[in-house]
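Here is a short tour of a model, with stops at its aromatic rings, its backbone angles and its enclosed spaces. Have the structure open as you read.

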Amino acid sequence: MKRALGFEGVALAFGNPDFRLYALASIPSLLGTWIQRVAVLWLAWELTESGTWLGVLAFADMLPVIVITPIAGAFADRLDRLASSRLLQYGMSAQALALASLVLAGMITIEVLVLLTFVSGILHAIFHPFRQALIANMVRPPELVGAIAVNSMMWQAARSIGPALAGVAILAWGAGVAIAINVVTYVPFLIALHLISVRRHEAVGGKSLAAIPREIVDGIRLAASHPAIGPIFVLLFAISLAGRAATELLPGFAGAVFERDAMGLAWLTSAGGVGAMLGALFAVRRSTPERLPRRVIGSAVLLVAALAGFVATDIFALALPCLALSAFALAMGGVGIQTIVQYTVPEAFRGRVLGLYGLLWLGCPAVGLLAVGALADVWGFQAALASALLLPAAAWVWIAGRRRGIEAGLAPP
């Protein structure tokens, strides 16, 4: 099979009408997600001015991923992925509406904010493997690499633009209006989910829920024993911890280190978004699978170096390019890792392995991030984030000697 790669693959993926509609409708929804995310982080900082509470909020958001995503991955191999995605999007829009209403009514507290963030985390934890697997069912095999790249670039573009919009909205109208904007952005995405059609995958397992634990274990066993997926998942966890720690602690950096307001936070987050978007574009260009392991491993080195520069300065103008470079490295590595996983995983295991991907990318770092947030109140934000860089540095040392084995395991299923 001839593989469509690089920008040619992106063009080929956009030639698929269902994927094109899905992708375009995702743009406002992703922008709204980042607007609400920044608004919630800033609201938590305004309510508490505490690194510990920022860590608690991030933990509440990501803890469900640890518990739920592997189970959701098993259900993504059993259930109708499109119908399930529609239902979950209705739930997410309802959560955003409830949060916006409480903030606008002046009834929000940090405890309620954490609770609603936990609810959001549950819904996103369930949705993650469904969304990732749905893309593979929407496109033909030659379009898959390009579709993954488009999905990542849209996310990174929203990460770049959304925080800037959030900063403007928060300063002009307040966090409640910013969150209400996110409610509206669900509408076009829900319409698209009702218009597109996807290939139905062959369901795994029967109707018995008793088989779910065994199916999850089978997915873990396949990922751990796979010569490419297993080692790359180790690196995924390490770089996601450092990257997530930097992202979740940005309100503290903006307020305590750089002495900036909500617009300062928007500048930091947008700098990260610009770097991430460029990183995703770089990852797509000439993104042959054979190049991916070397590029992914190299991204870990760049991430550590860039974040070391970020924590070493309290000069805002110097911090912005360091943060952008770290996001460039994280996105480059993230696109490469997701492509390796989607490209090599057997279809029967796709939901479960992508559930593990979500667990390592979004969930497991929550435990470490809670500790980093607490350390920020004791050591300061710069020293706390610096401590998180030890893990990706160690992971790079471990995985560098395994690159050839990963390359040998890249044959598609």
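## A buried ring in a loop

Let's begin with F258. This is a predicted model, and in it F258 counts as buried, because its relative accessibility of 7% falls under the 20% cut-off. F316 is buried as well, with a relative accessible area of 10%.

## Aromatic pairs

A pair of aromatic rings is described by the distance of the centres and the angle of the planes. The model holds ten aromatic pairs. One of them joins F258 and F316 in an edge-to-face arrangement, with 5.5 Å from centre to centre and 70° between the planes. This contact links distant parts of the chain: F258 belongs to the loop between α10 (250-257) and α11 (262-284), F316 belongs to helix α13 (residues 316-344), and 58 residues separate the two.

Both rings also belong to a wider group, since ring pairs link W45, F253, F258, F310, F316 and F381 into a cluster.

## Charges over rings

F316 has a charged partner too: the charged end of R260 sits over its ring, 4.1 Å from the centre. A second case involves R37, whose charged end is placed over the ring of W34, 5.8 Å from the ring centre.

## Positive phi angles

Most residues other than glycine have a negative phi. Which value does phi of E259 take? It is near 55°, a positive value in a residue other than glycine. E259 is found in the loop between α10 and α11, and it counts as exposed because its relative accessible area of 69% is over 50%.

E49 also has a positive phi, near 50°, and is likewise not a glycine. Its place is in the loop between α2 (17-48) and α3 (51-76). With a relative accessible area of 59%, E49 is exposed.

## Cavities

Rolling a probe the size of a water molecule over the atoms shows where empty space is left. Here the count comes to four cavities of 30 Å³ or more. How much space lies in the largest cavity? The volume is about 1200 Å³.

The lining of the largest cavity is made up of 47 residues, and T33, R37, H124, W155 and L362 lie nearest its centre. R37 is thus a residue to revisit: its charged end sits over the ring of W34, and it is among the residues nearest the centre of the largest cavity. Helix α5 (residues 110-138) gives the largest share of the lining, ten residues. Sorted by class, this lining has 22 nonpolar, 19 polar and six charged residues.

Conventions:
Residues are numbered from 1 along each chain as its sequence is written. This is a predicted model: local features need pLDDT of at least 70, side-chain atom pairs count only at pLDDT 80 or more; totals for chains, interfaces and linings use all residues. Side-chain values use heavy atoms; hydrogens and water are left out. Rings of Phe, Tyr and Trp (its six-membered ring) pair if their centres lie within 6.5 Å; planes under 30 degrees apart count as stacked, over 60 as edge-to-face and the rest as tilted. Helices (H or I, at least four residues) and strands (E, at least two) are DSSP runs, numbered from the N terminus. Buried means under 20% relative accessible area, exposed over 50%, partly exposed in between (1.4 Å probe, protein chains only). A charge sits over a ring if NZ of Lys or CZ of Arg is within 6 Å of the ring centre and within 35 degrees of the ring normal. On a 1 Å grid over the protein atoms alone, a cavity is a set of points where a 1.4 Å probe fits but cannot get out, and a pocket is an open set with protein on both sides within 12 Å along at least five of seven lines; lining residues have an atom within 4 Å of a point. Grid points are joined across faces, edges and corners, and a volume is the space filled by probe spheres set on the points. Ala, Val, Leu, Ile, Met, Phe, Trp, Tyr, Cys and Pro count as nonpolar, Asp, Glu, Lys and Arg as charged, and the others, Gly among them, as polar.
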